[in-house]
Amino acid sequence: MANMGKGLDQAGLEQLWGRIETLLGGKAAASHTHVCANITDLETYLNDYAKKSDLSTVYKWKGSCTWAELIAKTDAAVGDVWNVTDKDGMNYGCKVAATAGEESWDALGTTTTISLDGYYTSAQVDNLLNAKADAEDLTALQGTVSQLQTTVAGKANSADVYTKTDTYSKTEVNGLIPQALTTEEITAIIGA
């Protein structure tokens, strides 16, 4: 700290400058710039990326028109896509710019019709399923049936049980039995 007010001598300045040069060695000057040609691996690095020119013909949605309007277009650019409403309902992409005619356009699909006649609609499936029981309902019903089987076990079958019309009530039975006999009548019957 005592030497703080003193400057560096020539040897100290040279030593300091040498250290600075070592630290700055290999560094570019602030005014230095690079162009793409100076970067040796840039092209290899960028090979996996699309160029602006590659993207210039990507499909560009333009709207809907009739077939006659589409083939009459002379201002179309490659990549323009139009929905044709009256020919086949498909989209067409421009493949040749700024020329009118069918040869400028490619269909972006097929006109194959797939019949779904053999399949149910959502409404038909819903209607069929509405009359069916859910699995949870069936499980609950099976539990109830098991309980009933346990409750009914050991009970008489309907063939072994008399109906009301086959039996007499207590009053009817009492009416069919004669009145009680007296002792003399019993003795007379027994003695005879």
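Below, a visitor and a guide talk through a predicted model of a protein.

Visitor: Let's start with the big picture: how many helices and strands does the protein have?
Guide: Reading along the sequence, you meet the pattern α-α-α-β-α-β-β-β-α-α-α-α. Tally that up and the protein has 8 helices and 4 strands.

Visitor: What share of the residues counts as buried?
Guide: The cut-off for buried is under 20% relative accessible area. The accessible surface of the protein comes to about 16,700 Å², with 57% of it belonging to carbon and sulfur atoms. Of the 192 residues, the share that counts as buried is 10%.

Visitor: Now helix H1: does it lie largely in the open or is it largely buried?
Guide: H1 runs over residues 10-24 and reaches 21 Å from first C-alpha to last, close to the 21 Å expected. Right after H1, Gly 26 takes a positive phi of about 80°. Of the 15 residues in H1, the number buried is 1, so the helix lies largely in the open.

Visitor: Which residues make the nonpolar surface patch of about 690 Å²?
Guide: Ile 20, which sits in helix H1, is one of them. The full set making this patch is Leu 8, Leu 13, Leu 16, Trp 17, Ile 20, Leu 23 and Leu 24.

Visitor: And why does Ile 20 count as partly exposed?
Guide: Buried means under 20% relative accessible area and exposed means over 50%, with partly exposed in between. Ile 20 counts as partly exposed because its relative accessibility is 30%.

Visitor: Moving on to Ser 104, which side chain does its own side chain contact?
Guide: Ser 104 is in the loop between strand E3 (91-94) and strand E4 (105-107). At 0% relative accessibility, this serine counts as buried. Leaving aside residues up to four places away in sequence, Ser 104 touches Gly 93, Cys 94, Lys 95, Val 96 and Thr 99. The polar contact, at 2.7 Å, joins its side chain to that of Thr 99.

Visitor: What about Asn 83, is it buried or exposed?
Guide: Asn 83 is found in strand E2, residues 80-84. Not counting residues up to four places away in sequence, Asn 83 touches Trp 61, Gly 63, Ser 64, Cys 65, Gly 89, Met 90 and Asn 91. The cut-off for buried is under 20%. With a relative accessible area of 18%, Asn 83 is therefore buried.

Terms used:
Residues numbered from 1 in each chain as written. Predicted model: local features only at pLDDT ≥ 70, side-chain atom pairs only at ≥ 80, totals over all residues. Heavy atoms only, no water. Helix = DSSP H or I, 4+ residues; strand = E, 2+ residues; numbered from the N terminus. Buried < 20%, exposed > 50% of the residue type's maximum accessible area, 1.4 Å probe, protein only. Polar contact = N/O pair within 3.5 Å; in protein donor to acceptor, adjacent residues only side chain to side chain. Contact = heavy atoms within 4.5 Å. Expected span 1.5 Å × (residues − 1). Patch = residues over 30% accessible without salt bridge, like charges linked within 9 Å, V, L, I, M, F, W, Y side chains within 5 Å. Areas by Shrake-Rupley, 256 points an atom, 1.4 Å probe, with all protein chains shown as cover. Salt bridge = Lys/Arg side-chain N within 4 Å of Asp/Glu carboxyl O.
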